[in-house]
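This report looks at selected features of a protein model, with attention to strand pairing, helix packing, ring contacts and a pocket. Please keep the sequence and the structure in view while reading.

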Amino acid sequence: MKWEEYLVPSSLEEALAILKEHQGQARVIAGGTDLIIQLKKKEVTARCLVDITNLDELKGIELEDDFIRIGACVTHQELASSSLIREKAAVLAEGASQVGSPQIRNMGTVGGNIVNAQPAADTVVPLMALEAEVEVVSSDGIRREPLGGLCVGPGQCTVDATAEILTAVRFRALGPNQGSAFARLAKRKALSLPILNTAVVVTLNDGGDTFQEVRLAVGPVAPTPFRARKAEEALRGAAVEAQAIAAALELAAQEAQPRTNPVRGSEEYRREMVKVLLRRSIERAVQAARGS
Amino acid sequence: MTTQTLTMKLNGEEVTVQVKPSAMLVEVLRDQLELTGTKVACGEGECGSCTVLLDGRPVNSCLVPALKAQGREVLTVEGLASPGELHPLQKAFVEHGAVQCGYCTPGMLMSAKALLDQNPNPTEEEVRVAISGNLCRCTGYAKIVEAILDAGTHEVER
């Protein structure tokens, strides 16, 4: 059944009140670029849609102290073209610029990308490398938690879109000696789901020749985007040189759990490409860190 | 089913129409307002044939709930030409033979219009990115790209 009501609340309180009143029959809609397709295919049903894109609290990209706060309804286009994001979180601008097509990027939002919980979401993989946390509001109050725990399976997010609203995402802006980069493997340059996405954030020592910290986020080679923690650990304190990186990336390939897939390729190919894309991302992130 | 009231600025004129809450923008444009220039093919945001401009930005009108256009500006291909005169992009498409079967043309024009409004002198790469969400199944991209470059102030190298 198609939705019978389309409501556009003008405050967060009003939006939450509508959700509560409908007791699970109303659902939050942001850009709608994924949700409308799911509704058309009846993979998701709702009696009422609550459009949150007019809420001022959910707009804007701001630098607060050393943290960047992005409203959940910021679009991929806004992320990709934001000078603040390009400068202080390049990995996220690069990921956002790869989503779908210009038309999709003009409507789709970062909050929607998170709640839709696809295992390779182009903004979620970068946000995991940035160690982002999210802010979720319900009529019971506000909760903040790491983004990493939100996606629990393909399409499954712990944010309940019939009762809660993801309002913002927040992470520490990259500083001196830090650099980041995103890489994507897909069949075409546009309108193509990723075969593999990698997002890397590196922190180098003052000399620029040793890794202080490396964060490696990868999708979709497991049910959810994940951090290659063993490889990260292996690179901590390691020299910035090809042999150490190659050894660590062997660990990352073992941490990935790809399955042979007719669209995304064989298990062996995908495991190999985890190493290739991460290596390229690390190299670009190191360059960025040395130039920062 | 009850309807809801939608007021938007459509091709420069304020329009008010009663719409179903579940109506997509393209359905209201084509079926209620009889602006059939905007096409529908995939209905899933993959092909771009339904592209219209919402506040100047290209969107897939098959995925935009009509009520999202409330109080906003919508431009369709019907709003491109001025009375008796085609838009420079439309002229360029004709001159370059960029229209083959024609089905992708309205969407291509709208994506191109959004690009040239922001960037009147794009490079070929910028044109290709701008129309990357519009599929031409005649595969006539070369002439479309030439037409858009020509319509801008760019000198097409021949």
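## The β3–β4 hairpin

In this predicted model, β3(B) and β4(B) form a hairpin with 2 residues between them, and D55(B), which lies in the turn, has a positive phi of about 50°. The two strands run antiparallel and are joined by 4 bridges; within this pairing, T51(B) has N60(B) of β4(B) as its bridge partner.

## The sheet of chain B

The hairpin belongs to an open sheet of 5 strands in chain B, arranged in the order β2-β1-β5-β3-β4 with mixed pairing. Because β2 (13-19) and β4 (57-60) of chain B stand at the edges and have a single partner strand each, one side of each is left without a neighbour in the sheet. From one strand to the next, the twist averages 40°.

Towards the β2(B) edge, strand β1 of chain B, covering residues 4-10, pairs with β2(B) in the antiparallel sense over 7 bridges, and in this pairing T5(B) stands opposite Q18(B) of β2(B). As background to these pairings, strands of a sheet pair through backbone hydrogen bonds, in either a parallel or an antiparallel manner.

## Helices packed on the sheet

Helix α1 of chain B, formed by residues 25-32, lies across β1, β2, β3 (51-54) and β5 (73-75) of chain B, and runs at about 100° to β2(B). Helix α3 of chain B, formed by residues 105-118, also packs on the sheet, where it touches β3, β4 and β5 of chain B; the direction of this helix makes about 35° with that of β3(B).

## Aromatic rings

How many aromatic pairs does a search of the whole structure find? Over all chains the search finds 0 such pairs. A ring contact of another kind occurs in chain A, where the charged end of R170(A) sits over the ring of F67(A), at 4.2 Å from the ring centre.

## The second largest pocket

The second largest pocket holds about 1100 Å³ of space and has a lining of 32 residues, of which P102(A), R105(A), V129(B), A130(B) and S132(B) lie nearest its centre.

Which elements supply at least two residues each to the lining of this pocket? From chain A these are α3 (76-81) and α6 (102-107), and from chain B they are β4, α3, α4 (124-130) and α5 (141-151). The most is given by α4(B), which provides 5 residues of the lining. The list also includes β4 of chain B, the strand that pairs with β3(B) in the hairpin described above.

Conventions
Residues numbered from 1 in each chain as written. Chains lettered and ligands numbered in written order. Predicted model: local features only at pLDDT ≥ 70, side-chain atom pairs only at ≥ 80, totals over all residues. Heavy atoms only, no water. Pairing = 2+ DSSP bridges. Axes fitted to C-alpha atoms, helices over the stretch in contact; angles between N-to-C directions. Contact = heavy atoms within 4.5 Å. Phe/Tyr/Trp six-rings, centres within 6.5 Å; stacked < 30°, edge-to-face > 60°. Lys NZ or Arg CZ within 6 Å of the ring centre and 35° of its normal. 1 Å grid on protein atoms, 1.4 Å probe; cavity = no way out; pocket = protein on both sides within 12 Å on 5 of 7 lines; lining within 4 Å. Points joined across faces, edges and corners; volume = space filled by probe spheres on them.
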